[in-house]
Amino acid sequence: MATKRDYYELLGVSRDATAEDLKKAYRKLAMQYHPDRNPGDKEAEQKFKEINEAYDVLKDDQKRAAYDQYGHAAFEGGRGGGAGAGFDFTSFSDIFDDLFGEFMGGRAGGGRSSANRGSDLRYNLEITLEDCFKGKAAKIRVPTSVSCEACDGSGAEAGAQPIACPTCKGHGKIRAQQGFFTIERSCPTCGGMGRVIEKPCKVCGGAGRVHKEKTLAVDIPPGVDEGNRIRLAGEGEAGIRGGAPGDLYVFLTVKPHRLFRREGQHLHCRVPVSMITATLGGVIEVPTLDGGKARVTIPEGTQTGKQFRLRGKGMPSLQQSGFGAGYGDLYIQVMVETPVRLNKRQRELLEEFAQIENEESSPESSGFFAKVKEMLGGKPE
């Protein structure tokens, strides 16, 4: 059986090396001999296993004390919880962060800070169709958590500083050996932060943040629509003990309009037109969303459902990346209004018209009833 090398010698550190010295040495060697960087190199693979075994022992205070006293014999014959069984997942995760953290959005060294990040918030804001057309600078009041001014977000009284957690010694995790497995969980004393506060701030109770309602300005650009959201970076909840704040997302809902219905960039408006105007033709004025009016020429014989298109009188497109926005169109749909509550003279005139009405004056109805008569077996007159 080959003689094992001294663990301190394997890592290239002295016997009085600190925990930080051990971690630095381990990470440097693990990156150098990692199998992914040395494919097919059996010697590098063996070296990687040895440095992981060495670090697994020396990073644990109890195992290190046993090794310092008894050497490798401390873990032979079942002593010490099977250190020679290889490295555990946590050991590998340390080096994984260094190797791949850059590709995972800066994960390396940022896990604890990320865990302290404040929550994102959602705010529902109702606006009008006119706001969607013109844009709007809105003020909103949001109940949230903000950084404690008394302790500047640290959670500690003035002059006091957080100290390394005595339970996990600053790691934020504790591990327990169960047979061949090492189980890790967040430290219950510090909540996974690795540090505790001996003298917590009296204002925030050590959390580093307090509840408060704050007023924010929201710039709503022209062209927004139902369901669009606006992100206010850093305006969410403050992080715990100086952690990064979350974001605030403002979700937009649009009130139904009395006159206009929106479809994308286009607007639709149903306009009642008198029977006389629809029959003889004429000009009507219709409203536009910008507060103005537009003239629409109604040709002679216009029927209900006829649409007239007003170019460029619809909604602006939502401007993106500085490119200019065009406008949609406004569609006017005519509804011919049947007269009601006729006086005697009006009725007489309509009755006279009915007596002289022919198929040419009402081609749609005449054609329809002719088809009905033919379908029922009769012959058209």
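## Nonpolar cores

In this predicted model, the largest nonpolar core holds 37 residues, and the members that touch the most other members are Ile 220, Val 250 and Ile 332. Once neighbours within four places in sequence are set aside, the contacts of Ile 220 are with Leu 125, Ile 127, Gly 135, Lys 136, Ala 138, Ile 230 and Leu 252. A second core, separate from that one, comprises 18 residues, among them Leu 10, Val 13, Leu 29 and Tyr 67.

As a general background to such groupings, nonpolar side chains in soluble globular proteins tend to be buried together. Two of the residues named for the second core, Leu 29 and Tyr 67, reappear below in the helix contacts, Leu 29 on the side of helix 2 and Tyr 67 on the side of helix 4.

## The chain as a whole

The chain has 381 residues, of which 34% count as buried, and its secondary structure consists of 10 helices and 15 strands. When contacts between residues at least 6 apart in sequence are considered, 64% of them join residues that are at least 24 apart.

## Packing of helices 2, 3 and 4

Packed helices are described by two quantities, the angle between their axes and the distance between the axes. For helix 2, which covers residues 19-33, and helix 3, the angle is about 165° and the axes lie 9 Å apart; because angles over 145 degrees count as roughly antiparallel, helix 2 is roughly antiparallel to helix 3. The crossing of helix 2 past helix 3 is left-handed. On the side of helix 2 the contact involves Leu 22, Lys 23, Tyr 26, Leu 29, Ala 30 and Tyr 33, while helix 3 contributes Ala 44, Lys 47, Phe 48, Ile 51, Asn 52, Tyr 55 and Leu 58. Sorted by class, the residues in this contact are 10 nonpolar, 1 polar and 2 charged.

Helix 3, residues 42-58, also meets helix 4, residues 61-70, with axes that come within 6 Å and cross at roughly 105°, so that helix 3 is roughly perpendicular to helix 4. Here Asp 56, Val 57 and Leu 58 of helix 3 are in contact with Lys 63, Arg 64 and Tyr 67 of helix 4, and by class this contact has 3 nonpolar, no polar and 3 charged residues. Leu 58 takes part in the contact with helix 2 and also in the contact with helix 4.

## Positive phi in two loops

Most residues other than glycine have a negative phi. Asp 152, which is not a glycine, nevertheless has a positive phi of about 60°, and its place is in the loop that runs between strand 2 (136-147) and strand 3 (163-164). Asp 152 is exposed, because its relative accessible area is 69%, and the cut-off for that class is over 50%.

Arg 341 likewise has a positive phi, near 55°, in a residue other than glycine. Arg 341 is located in the loop between strand 15 (330-337) and helix 9 (344-356), and with a relative accessible area of 80% it is exposed.

## The surroundings of Gly 281

Gly 281 sits in the loop between helix 8 (275-280) and strand 12 (282-287), where a relative accessibility of 24% makes it partly exposed. Although Gly 281 and Ile 298 are 17 residues apart along the chain, their C-alpha atoms are separated by 5.2 Å. Leaving out residues up to four places away in sequence, Gly 281 touches Ile 276, Ile 298, Pro 299 and Glu 300.

Terms used:
Residues numbered from 1 in each chain as written. Predicted model: local features only at pLDDT ≥ 70, side-chain atom pairs only at ≥ 80, totals over all residues. Heavy atoms only, no water. Axes fitted to C-alpha atoms, helices over the stretch in contact; angles between N-to-C directions. Helix = DSSP H or I, 4+ residues; strand = E, 2+ residues; numbered from the N terminus. Parallel < 35°, antiparallel > 145°, perpendicular 65-115°, else oblique. Contact = heavy atoms within 4.5 Å. Nonpolar A, V, L, I, M, F, W, Y, C, P; charged D, E, K, R; others polar. Core = buried A, V, L, I, M, F, W, Y, C linked by side-chain atoms within 4.5 Å. Buried < 20%, exposed > 50% of the residue type's maximum accessible area, 1.4 Å probe, protein only. Left-handed = near helix turned anticlockwise from the far one by under 90°.
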